[in-house]
Amino acid sequence: LRKSEEFMSTIFDRSPHPVWISDHRGVLIRINQSCCDLLNIGKEEVIGKYSILDDDIVAEQGLLPLVRNVFQRGKTVRFEITYDTSRRKQIELRKGISVVLDTSISPIMDSSGRVTNAIVQHVDVTARKRAEEELRESRRRLSDIIEFLPDATFVIDKNGRVVAWNRAI
């Protein structure tokens, strides 16, 4: 049993994926180093002190009803959240960072179907979100340029289809 527990602890602690575990009340009881590194937090800052059900940033973004579904109905949920640790009111952290997280929360239930814990996993999608925004902005600028050209102008894709044109056309 001890070897099995050590083995599972090693997998959890060394996972490159940011993961933490809460109790049935949403209070963080275990966190791996990858999650600490992602959020720039120390284990001592959050273990036993942070509850996802009392998180003001989760509430501000309207995600608390989803999170409650995990604990009240035993439903797995997934959502994106922009998380700025410097805005945390519940607990003060040593240094703030801002990330966009693709977050999954899965319940762990006992034999009677009661939620005993939840596993929270994060994927940092900040770079992808920035790239998507830059692409949208680039497309908007190109569209503006085409629209304001005085001559009839259109754009053809590699298959010969017209994909953009201006009013002058």
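Helices (H or I, at least four residues) and strands (E, at least two) are DSSP runs, numbered from the N terminus. Keep that handy for the exercises below. The model is predicted, so to speak of local features we need pLDDT of at least 70, side-chain atom pairs count only at pLDDT 80 or more, and totals for chains, interfaces and linings use all residues. Residues are numbered from 1 along each chain as its sequence is written, and side-chain values use heavy atoms, with hydrogens and water left out.

**Exercise 1. Place Thr 126 and list what its side chain reaches.**

Step 1: find the element. Thr 126 belongs to helix 6, residues 126-148.

Step 2: check the cover. Buried means under 20% relative accessible area, exposed over 50%, and partly exposed in between (1.4 Å probe, protein chains only). Thr 126 has 8% relative accessibility, so it counts as buried.

Step 3: look for polar contacts. Such a contact is a pair of N or O atoms within 3.5 Å; within protein, one must be able to donate a hydrogen and the other to accept it, and residues adjacent in sequence count only if both atoms are side-chain atoms. The Thr 126 side chain gets to the backbone nitrogen of Val 100 at 2.8 Å. There's also a polar contact of 2.5 Å between the side chains of Thr 126 and Asp 124.

Step 4: add plain contacts (heavy atoms within 4.5 Å). Leaving out residues up to four places away in sequence, Thr 126 touches Val 99 and Val 100.

**Exercise 2. Trace the strand partners of Ile 105.**

Step 1: know the rule. Two strands pair if DSSP finds at least two bridges between them.

Step 2: go to one side. Strand 3 (residues 77-84) runs antiparallel to strand 4 (residues 98-109), with eight bridges joining them. Here Val 77 stands opposite Ile 105.

Step 3: go to the other partner. Strand 4 also pairs with strand 5 (residues 115-124), again in the antiparallel sense, over nine bridges. In strand 5, Val 120 is the bridge partner of Ile 105.

Step 4: look at the turn. Strands 4 and 5 form a hairpin with five residues between them, and Gly 113 in that turn has a positive phi of about 90 degrees.

**Exercise 3. Work through three of the 14 salt bridges.**

Step 1: set the test. A salt bridge needs a side-chain nitrogen of Lys or Arg within 4 Å of a carboxyl oxygen of Asp or Glu.

Step 2: try Asp 110 and Arg 114. Their side chains meet at 2.9 Å, N to O. Asp 110 is partly exposed at 24% relative accessibility, while Arg 114 is exposed at 56%.

Step 3: try Lys 129 and Glu 132. This salt bridge is 3.7 Å, N to O. The two are three residues apart in helix 6, so about one helical turn separates them. Both also join Glu 80 and Arg 128 in a network of salt bridges.

Step 4: try Glu 147 and Arg 167. Their closest N and O atoms are 3.1 Å apart. This pair links distant parts of the chain, 20 residues apart: Glu 147 sits in helix 6, and Arg 167 in the segment after strand 7. With 74% relative accessibility, Arg 167 counts as exposed.
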